[in-house]
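Welcome! Here is a short tour of a protein model, meant for someone seeing it for the first time. Take a look at the sequence and the structure, and then read on.

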Amino acid sequence: MWPRIGDLRTLALGTPGELRTTLNTLVLSGVKTATAGRLAEYAEENEELEQVGERLALVDDDDALTGVVEITGVEVVRFGDVPWDFARAEGEGDRSIEEWRTGHAAYWARLGTPVDEDTPIVCLRLRLVSGGEGGVATGDLGT
């Protein structure tokens, strides 16, 4: 299971270090409004898919709360069918869907979990509820 902070599941983007810091900064600045993961990760971690309206605790490398996001969309699609509007919403600077696919395939391959065109991918849309410059208020932790 993924760690929890209060009643919230955590959202740990990317891998610890520079990548996670960069991705968190993109979320906290409102640039990153989507993220993708392999469906198999949910089974491996005994987790259910997120639900629209669910809030997640965005965490840093130390699993400390850096913000709260709300899920605004959940869709499972084949890796080869991830649409460009979703990839662009990830806010990571990809200039085309091909560039997004190449980068994400390389990322998952580095983790030892390669993907192909048919790999089911969970596409999450999200919005920042709290965090960033104003910090995170304790009252924001409720779901």
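Which pattern does the protein chain follow when read along the sequence? The answer is β-β-α-β-α-β-β-α-α-β, made up of 4 helices and 6 strands. Please keep in mind that this is a predicted model.

**Overall form**
- The radius of gyration of the protein chain is 14 Å, which agrees with the value near 15 Å for a compact globule of 143 residues.
- Along its principal axes, the C-alpha trace spans about 40 × 30 × 25 Å.
- Of the 143 residues, 39% count as buried.
- If you take the contacts between residues at least 6 apart in sequence, 70% of them join residues at least 24 apart.

**Surface and charge**
- The protein chain exposes about 7400 Å², and carbon and sulfur atoms supply 49% of that area.
- There are 13 positive and 27 negative charges, and their mean positions are 3 Å apart.

**A buried residue in helix 1**
- Asn24 lies in helix 1, which covers residues 18-28.
- Asn24 has a relative accessible area of 6%, so Asn24 counts as buried, the cut-off being under 20%.
- Beyond its neighbours within four places in sequence, Asn24 is in contact with Leu13, Leu58, Val59, Asp60 and Thr66.

**Salt bridges**
- Side chains of opposite charge can pair when their charged atoms come close.
- The structure holds 14 salt bridges, including the three pairs described next.
- Arg9 pairs with Glu54, with the closest N and O atoms 2.9 Å apart. Arg9 sits in strand 2 (residues 8-11) and Glu54 in the loop between helix 2 (39-44) and strand 4 (55-59), so this pair ties together parts that are 45 residues apart in sequence. Arg9 is buried at 8% relative accessibility, and Glu54 is buried at 18%.
- Arg9 and Glu54 also belong to a network of salt bridges that links them with Arg4 and Glu47.
- Lys32 and Glu90 meet in a salt bridge at 3.7 Å, N to O. This pair links distant parts of the chain: Lys32 is in the loop between helix 1 and strand 3 (34-38), and Glu90 is in the loop between helix 3 (84-89) and helix 4 (97-110), 58 residues apart. Both Lys32 and Glu90 are buried.
- Arg125 forms a salt bridge with Asp85, the closest N and O atoms being 2.9 Å apart. Here strand 6 (residues 120-131) provides Arg125 and helix 3 provides Asp85, 40 residues apart. Arg125 is partly exposed at 27% relative accessible area, and Asp85 is partly exposed at 41%.

Technical notes
Residues numbered from 1 in each chain as written. Predicted model: local features only at pLDDT ≥ 70, side-chain atom pairs only at ≥ 80, totals over all residues. Heavy atoms only, no water. Helix = DSSP H or I, 4+ residues; strand = E, 2+ residues; numbered from the N terminus. Rg over C-alpha atoms; globule rule 2.2 N^0.38 Å. Buried < 20%, exposed > 50% of the residue type's maximum accessible area, 1.4 Å probe, protein only. Contact = heavy atoms within 4.5 Å. Areas by Shrake-Rupley, 256 points an atom, 1.4 Å probe, with all protein chains shown as cover. Lys, Arg positive; Asp, Glu negative; His and termini not counted. Charge placed at Lys NZ, Arg CZ, Asp CG, Glu CD. Salt bridge = Lys/Arg side-chain N within 4 Å of Asp/Glu carboxyl O.
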